[in-house]
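Me: I'd like to learn how to read this model. Can you take me through it step by step?

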Amino acid sequence: MTRSARGTNEFPGTNVRQKRGLNRAIAGKGWGMLRTQLAYKAARAGGKLEAVNPRNTSISCHVCQTVDANSRENQAEFVCTVCRHVCHADVNAAINILRRAVPTAQPCQGPDGGQPSAACGALALAGAAKHEPSSRPRSRQAA
């Protein structure tokens, strides 16, 4: 996110000053505090925050474990160059991250062995659903 926008002598960057300001704003945020808060909230809910190295999760096939940058056909589609497994790129990366966090975890599958059911979070596969804020006031829960 904070990569420089300067470009090269042959292809100079555009909006370099604006990008520099954005980079400073991103770097100035408390990413450590975010992690602390996530760990706190997870523990409060009875869970645990598991840090996972994200390296190669988006270019690794979750079926055959092959790491190949050419498997990312585009931003949204993952097609393994070895086993030809086709999957949404974000779902593939999420399964890889899940397996790094919980090595015994198996991704959910539908009754026919295909796509997971809606109970497993497959709604994200069909595209993001836009949730409108409720007009009702929310009640506060007792702590």
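Reply: We start with the overall layout, then turn to one histidine and one helix. Keep in mind that this is a predicted model.

Me: How many helices and strands does the protein chain have, and in what order do they run?

Reply: Begin with the elements. The protein chain has three helices and two strands. From the N terminus, their order is α-α-β-β-α.

Me: What share of the residues is buried?

Reply: Buried means under 20% relative accessible area. Of the 143 residues in the protein chain, 16% meet that mark. The accessible surface is about 11600 Å², with 54% of it belonging to carbon and sulfur atoms.

Me: Is His-62 buried or exposed?

Reply: Check its relative accessible area. His-62 has 9%, so it counts as buried. Its place is in the loop between α2 (31-44) and β1 (77-79).

Me: Which residues does His-62 touch?

Reply: Leave out residues up to four places away in sequence. His-62 then touches His-85, Cys-87, Asn-92, Ile-95, Asn-96 and Arg-99. With Asn-92 there is a side-chain to side-chain polar contact at 2.7 Å.

Me: Which residues of α3 are buried?

Reply: Look for the buried positions, then ask where they point. In α3, Ala-89, Asn-92, Ala-93, Ile-95 and Asn-96 are buried. They span an arc of only 160 degrees around the axis, so they lie on the same side of α3. Their cover includes β1 and β2 (86-88).

Me: What span should helix α3 have?

Reply: Compare expected span with end distance. At 1.5 Å a residue, the 13 residues of α3 (residues 89-101) should span 18 Å. The end C-alpha atoms are 18 Å apart, which agrees.

Conventions: Residues are numbered from 1 along each chain as its sequence is written. This is a predicted model: local features need pLDDT of at least 70, side-chain atom pairs count only at pLDDT 80 or more; totals for chains, interfaces and linings use all residues. Side-chain values use heavy atoms; hydrogens and water are left out. Helices (H or I, at least four residues) and strands (E, at least two) are DSSP runs, numbered from the N terminus. Buried means under 20% relative accessible area, exposed over 50%, partly exposed in between (1.4 Å probe, protein chains only). Accessible areas come from the Shrake-Rupley method with a 1.4 Å probe; for residues, only the protein chains shown count as cover. A polar contact is a pair of N or O atoms within 3.5 Å; within protein, one must be able to donate a hydrogen and the other to accept it, and residues adjacent in sequence count only if both atoms are side-chain atoms. Contact means heavy atoms within 4.5 Å. The expected span of a helix is 1.5 Å times one less than its number of residues. The arc is that of the directions from the helix axis to the C-beta atoms.
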